Amino acid sequence: MHPSNTIFRVERKEERPSWLARLRHFTWANFTLPMSTGGLALLLAEETQGFTFPGLQTIGKVVYVLDLVLFTLIVLAITYRFVKFPGTLKKSVVHPTEGLFLGTSTLSLASIISGIARYGIPSCGPWLVTVYRVLFWLYFAVTFIIAVGQYALLFTSPKLKLSDMTPSWNLPAFSFMLLGTMAATGAGSQPPDQAVPIIVAGLGAQGFGLLVSVFIYACYVARLIQYGFPAPNSRPGMFIAVGPPAFTGLALIGLANNFPMHYNVFGPDEITVQMLRVLATTVCIFIWFLSLWFFCIAVVANLAVWREISFHLNWYAYIFPNVGFTIALISVGKTLNSPGIIGTGSAMTLLLVIGWLVIVVVHVRAIWKGHILADGKDEDYYVNEKDHRHVKKLDDDIDKQA
């Protein structure tokens with residue numbers, strides 16, 4: 001046969017979209033990376049840790065600067081998505097899955113603002129004290145609006161059902177709740193007349209966040225009883241439930257420690273602060289064990305299907321909620337002068353650092369391999385939490401199969 005009449009069949013590999021085209025799927029959940037990095041920076045601060053060594057503060061500063069860089073890059077990337085692909089901004093906010101992760105953007109800011117108190121103010125002039133105060137109140141207004149708006153969408157979304165419930169439903173309130181942690185880290189650097197309003201606002205926001213979380217916990221536990229654990233790839237998000245009680249405990253101790261010796265409203269300030277510290281430590285211990293219970297439940301659920309869990313951005317839930325869990329424990333240890341508790345907190349810190357490094361490596365690999373930032377593989381894709389083989393079968397389903 002003449003070569004010109006020969007038909008050559010060439011199998012073409014499916015072309016992967018360009019890097020910029022893949023940013024169409026760059027969701028709000030990407031802010032979990034700077035959120036966790038910022039939390040790690042707070043954990044590594046000398047003022048946070050009970051046991052320190054020369055260079056620890058420098059390591060914390062390096063992690064904090066890295067957090068600023070990551071946050072800036074992610075803001076640029078998600079801005080490109082919204083500008084390049086019109087309509088994605090509105091869809092991302094009302095999406096039943098991705099919309100819940102809007103709060104991670106403000107949680108990232110909470111870590112950055114809190115980091116100003118740990119790393120910026122000690123090294124800069126008094127101008128940064130004023131900047132911190134302004135950012136605190138701006139954050140207060142923005143996150144309260146988000147908490148109201150996001151839950152209004154959540155309550156009215158026809159796509160979101162109780163069977164889809166995961167602790168990520170806490171995220172809209174989580175951002176506002178972190179005002180308690182911000183107040184605990186920064187109020188001590190403020191003038192007394194400015195510190196008290198910040199402490200009051202932080203305490204109120206922390207109470208709001210904890211109580212809303214308790215309401216969400218009721219739905220969450222009911223969902224676990226009826227349907228069992230979430231789908232394997234959703235189970236890392238179960239660690240989000242660890243956060244609210246833990247962050248509340250560390251916030252209460254921090255707020256008590258930073259109450260200004262100025263007013264004598266409740267009698268001598270020395271006695272008032274002493275009573276506040278006793279009360280804060282007692283409450284922290286009281287609710288910390290709720291975090292411990294949720295932590296253990298999440299560990300069991302993840303270990304049961306660890307071979308089936310592929311990387312998603314909710315893996316950073318292994319880090320950020322447990323940062324609060326660890327800081328709360330260290331705070332109790334420092335208050336009680338317990339080397340054992342402080343040492344346990346130091347060991348947990350080391351594990352979180354190792355965990356963060358592992359997750360970042362897996363994250364980069366997932367991006368390179370196309371396991372995320374691809375069609376149907378990110379939070380902009382709705383996942384039915386009842387559509388997996390581990391879902392608990394109801395009696396009616398069992399009867400039908402029989």
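The following dialogue examines how terms are applied to one predicted model.

Tutor: This is a predicted model, in which local features need pLDDT of at least 70, side-chain atom pairs count only at pLDDT 80 or more, and totals for chains, interfaces and linings use all residues. Residues are numbered from 1 along each chain as its sequence is written, and side-chain values use heavy atoms, with hydrogens and water left out.

Student: What makes up the protein chain, in helices and strands?

Tutor: The protein chain has 14 helices and zero strands. Helices (H or I, at least four residues) and strands (E, at least two) are DSSP runs, numbered from the N terminus.

Student: Why is the protein chain called as compact as a globular protein of its length?

Tutor: The radius of gyration, taken over C-alpha atoms, is set against the globule rule, which is 2.2 Å times the number of residues to the power 0.38. For 402 residues the rule gives 21 Å, and the protein chain has 23 Å, which is close to that value; therefore the chain is as compact as a globular protein of that length. Its C-alpha atoms fill a box of roughly 105 × 55 × 40 Å along the principal axes.

Student: Why is the meeting of E47 and R118 called a salt bridge?

Tutor: A salt bridge requires a side-chain nitrogen of Lys or Arg within 4 Å of a carboxyl oxygen of Asp or Glu. The side chains of E47 and R118 meet at 3.4 Å, N to O, so the pair qualifies. E47 lies in the loop between α2 (32-44) and α3 (56-84) and R118 in helix α5 (residues 103-120), so the pair ties together parts that are 71 residues apart in sequence.

Student: Which of the terms buried and exposed applies to E47, and which to R118?

Tutor: Buried means under 20% relative accessible area, exposed over 50%, and partly exposed in between (1.4 Å probe, protein chains only). E47 has 51% relative accessibility and therefore counts as exposed, whereas R118, at 13%, is buried.

Student: How many salt bridges does a search of the whole structure find?

Tutor: The search finds two. The other pair is E98 and R81, whose side chains meet at 2.7 Å, N to O. E98 lies in the loop between α4 (88-94) and α5 and R81 in helix α3, so this pair ties together parts that are 17 residues apart in sequence. Both E98 and R81 are buried.

Student: How do you know that S114 is buried, and with which residues is S114 in contact?

Tutor: S114, which lies in helix α5, has 1% relative accessibility and so counts as buried. Contact means heavy atoms within 4.5 Å. Leaving aside neighbours within four places in sequence, S114 is in contact with L42, Y132, T181, M182 and T185.

Student: Why is T349 called buried?

Tutor: T349, placed in helix α13 (residues 339-369), has a relative accessible area of 6%, and therefore is buried. Leaving aside neighbours within four places in sequence, its contacts are L43, L44, Q49, T326 and I330.

Student: What makes the lining of the largest cavity nonpolar, polar or charged by class?

Tutor: Ala, Val, Leu, Ile, Met, Phe, Trp, Tyr, Cys and Pro count as nonpolar, Asp, Glu, Lys and Arg as charged, and the others, Gly among them, as polar. By these classes the lining of the largest cavity has 11 nonpolar, four polar and no charged residues. A cavity is a set of points, on a 1 Å grid over the protein atoms alone, where a 1.4 Å probe fits but cannot get out, and lining residues have an atom within 4 Å of a point.
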